Amino acid sequence: MLTLWTCHVRKLTKGRTNRLFIAMACMSLICAIADLWMEFVVNPVPLSRGQVILGTALSFTYKLLRNSSLVVYLIYIFSVTRTEYRLNTLGSQLFIWLPIMVAVGALVQNFFTHNVFSVTAEGGYTRGPVLMLLYVISYIYALAGTGYCIYCRRYLVGSKWVALISVYVLTFAGVLIQMVKPHYLVEMFSTAVGLMFILLLIMRPEETLDGQGLVRDWNAYQDTLKRSLRSGRHFQIVVVEIMNAAEIRSYLGDKQFQSCIETIAAEISTLYSGLCVHVDQFFEIPGTFYLILDNAEIDVKTLIPPFNRTIAERMEDYARQGVRFNLEYCLIKCPVDLKDFREIINFGHSFRYLRKPAEVYEAADLIRERNYGPLTNIKEILNRAITEDTLEMYFQPIYDIRTGGFRSAEALARLNDPVYGMVSPALFIPAAERVGMIVALGYRILEAVFSFMSQTDLGALGITRIEINLSVAQCLQRELPERIRELQEKYRIDPSQVNFEVTETLFDNLGGIMDKNLRTLSDMGYTFSLDDYGVGYSNIQRLRALPLSIIKIDKSMVDDMFTSDGEVIIENTVRMMKGIRKELVVEGVETAKEAKACEDLSCDYIQGFYYSRPLPAKEFVRFLSEHNVAAQPGNGTR
Ligand code: C2E
Ligand code: MG
Ligand code: MG
């Protein structure tokens, strides 16, 4: 009862494994009650008719449930070791069900023959010769279970294994004691103690993330990965990453997002259920699934296109709302491609930064990529960037359509590492966010830009504003405004010359410190723009919640601007932003045709390779001298 109550309190009621455990605990509880009650009913003889009937019913119940609970426990062991797929063959099904069917048959025929046991008025409870068959059957299950536990030693950590096998060891001991001293009813007590061990050492409600127990959490992934590596077996990991998970989550809300995750998890498990391979499924917030496949031979790649089609179908309703699940897949063969725990974890986090999108990224190819070294040693590289002089700021001029000159520029960080060479910000910025170094790096960047601004007469070069990217983690720092104020004073910066670029992920953290910081900086005279508009799912109400003066339209919108849908989208976006009095920068303009189209749309500023790539400080100054100072303003500069 204590075990069942604990299950209830710890909410251990979801998932197949937990349900098997509860079934086993319920059966054991009923057995214990029947066993105890029996002692009072059949003693002393002679018995009344009612006692005979009750005694027969109790003994029948006890024997039936005692044997059945061993079957349930055996299946539970397969479930805990995540090897249920081994029960899918005809042979194992027969092995599981045939003995218990024989036992049930023996108990049913006992009503007529009384050769298993009998309860009579004069003789009380007596054992029959066929009772031995029930013992043999329970020994078959118990021995099979014990043997399988020993065989599965490598799948389980020590404590879990001990708990699992303790049920058998304790029950064997209980049975032995009860055989010698039949009135010591310790058998069920020892089983209950074993179940308690399981409850304490195995059952982990916090590991399961969904209603059906299909997906376990990030900690469970790390545990299972370690165990799989230690076992020395060959296995595969499939990483399925929802690239736009954070945006979708903030758009749909937690509840609907969770239901999408459960749908995807269920589809994944349907996909591999036909494969006759054991798959463990894990999920890392905000949107990455990790599948550990017990088999290194199966060709997972062929499954992905049909899987993509299924997901597209299942998510059609969301697609109609404009929410598309952008999934990327990566395949790691262990220990062939990678065998170090840390390296595998890092790889799962960073594979997508290694190369342009591919249908399936394969670790075997990616580890030969140029960026693999920098990515897997990113902490070392970031440390050098923060403590040594390997960080360099580049500046990309931004064209002002109204004045026909370059009035602002975006500061973009570059890392020129002595060991790994030039490292792209598309790689090191997300990595710095992931490993918690973005704040320190962010201050280095701010200092580098302020230092450049203090040494350069930007006004004389026609520049009124420098744009600096701020990441969400930076904006969440309580001391951000104070630190900026210190730097501002140190370098004598006029805040009106600085505009901070923030992204939509900021909306998820609005309120509290973030809100306060943005408003304090805004009061200090800094302005803000929203970067990469069009990548996420912002709605106009949310845009109005921030002190944003400029919206930067993402390159992806520009890329689509000559398709019929794309044209409508960009036109409406511009109209809408103008309606709420925002200035507009279009990013990623590469051709004269695109630049002309942006001018026709009456955007305010254009940034892109068409005008200039990001330039090192000296070249940037030279560029401005040539285009802003030498050229007549208003003549166009190209
Ligand atoms: P972003 O802030 O959206 O910066 C614009 C990116 O687009 C830059 O990439 C720029 O080089 C690129 N770009 C500009 N015009 C064109 C074009 O015409 N065609 C193409 N294909 N690309 C163009 P970059 O420098 O590689 O930076 C990538 C991202 O890394 C930035 O995107 C920003 O999110 C982040 N980042 C860069 N520097 C910093 C920084 O100092 N701090 C922070 N927090 N993030 C930074
Ligand atoms: Mg930017
Ligand atoms: Mg951008």
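**Exercise 1. The magnesium ion (ligand 3)**

Task: Identify which protein donors hold the magnesium ion (ligand 3) in this predicted model, and state how they are spaced in sequence.

Solution.
- Step 1. In this predicted model, the protein donors are Asp531 (OD), Asp532 (OD) and two OE atoms of Glu587, lying 2.0 to 2.4 Å from the ion.
- Step 2. Along the chain, the donor residues of this ion follow the spacing D-D-x54-E.
- Step 3. Aspartate 532 lies in strand S13 (residues 527–533), whereas glutamate 587 lies in the loop between strand S15 (583–586) and helix H25 (592–600). The pair links distant parts of the chain, 55 residues apart.
- Step 4. The burial classes follow from the relative accessible area, with buried meaning under 20% and exposed over 50%. Glutamate 587, at 11%, is therefore buried. Aspartate 532, at 27%, counts as partly exposed.

**Exercise 2. The magnesium ion (ligand 2) and the bridge**

Task: Determine which protein donors surround the magnesium ion (ligand 2), and which residue coordinates both this ion and the magnesium ion (ligand 3).

Solution.
- Step 1. The protein donors are Glu410 (OE), Asn469 (OD1), Glu501 (OE) and Asp531 (OD), at 2.0 to 2.3 Å from the ion.
- Step 2. Their spacing along the chain reads E-x58-N-x31-E-x29-D.
- Step 3. Glutamate 410 belongs to strand S9 (residues 405–417) and aspartate 531 to strand S13, so the pair ties together parts 121 residues apart in sequence.
- Step 4. Aspartate 531 coordinates both magnesium ions, which are 4.1 Å apart.
- Step 5. Aspartate 531 has a relative accessible area of 6% and is therefore buried. Glutamate 410 is buried as well, with a value of 3%.

**Exercise 3. The second largest cavity**

Task: Describe the volume of the second largest cavity, the elements that supply its lining and the classes of its lining residues.

Solution.
- Step 1. The count comes to 4 cavities of 30 Å³ or more. The second largest cavity holds about 140 Å³ of space.
- Step 2. The lining of this cavity comprises 14 residues, of which Val238, Ile268, Leu271, Leu291 and Val300 lie nearest its centre.
- Step 3. Strand S3 (235–242), helix H10 (254–273), strand S5 (288–293) and helix H11 (304–314) each supply at least two lining residues. The largest share, 3 residues, comes from H10.
- Step 4. By class, the lining of this cavity has 14 nonpolar residues, with no polar and no charged ones.

**Exercise 4. Helix H13**

Task: Decide whether helix H13 (residues 341–350) is largely enclosed or not, and list its buried residues.

Solution.
- Step 1. The buried residues of H13 are Phe341, Ile344, Ile345, Phe347, Gly348, His349 and Ser350.
- Step 2. Because 7 of the 10 residues of this helix are buried, H13 is largely enclosed by the rest of the structure.

**Exercise 5. Cysteines**

Task: State how many disulfides the model has, and examine cysteine 603.

Solution.
- Step 1. A disulfide requires two cysteine sulfur atoms within 2.5 Å, and the count comes to 0 disulfides.
- Step 2. For cysteine 603, the nearest cysteine sulfur is that of cysteine 598, 5.0 Å away, and cysteine 603 is in no disulfide.
- Step 3. Cysteine 603 counts as buried at 5% relative accessibility. Cysteine 149 is also buried, with a relative accessible area of 1%.

**Exercise 6. Domains**

Task: Give the domain division and the separation of the C-alpha centres of domain 1 and domain 3.

Solution.
- Step 1. The protein is divided into domain 1 (2–203), domain 2 (206–374) and domain 3 (377–630).
- Step 2. The C-alpha centres of domain 1 and domain 3 are 68 Å apart.

Note on methods: Residues are numbered from 1 along each chain as its sequence is written. Chains are lettered from A and ligands numbered from 1 in the order in which they are written. This is a predicted model: local features need pLDDT of at least 70, side-chain atom pairs count only at pLDDT 80 or more; totals for chains, interfaces and linings use all residues. Side-chain values use heavy atoms; hydrogens and water are left out. Domain bounds come from an automatic or database domain assignment. On a 1 Å grid over the protein atoms alone, a cavity is a set of points where a 1.4 Å probe fits but cannot get out, and a pocket is an open set with protein on both sides within 12 Å along at least five of seven lines; lining residues have an atom within 4 Å of a point. Grid points are joined across faces, edges and corners, and a volume is the space filled by probe spheres set on the points. Helices (H or I, at least four residues) and strands (E, at least two) are DSSP runs, numbered from the N terminus. Ala, Val, Leu, Ile, Met, Phe, Trp, Tyr, Cys and Pro count as nonpolar, Asp, Glu, Lys and Arg as charged, and the others, Gly among them, as polar. Donors are N, O and S atoms within 2.8 Å of the metal (3.2 Å for Na, K and Ca); water is not among the atoms, so sites may look incomplete. Buried means under 20% relative accessible area, exposed over 50%, partly exposed in between (1.4 Å probe, protein chains only).
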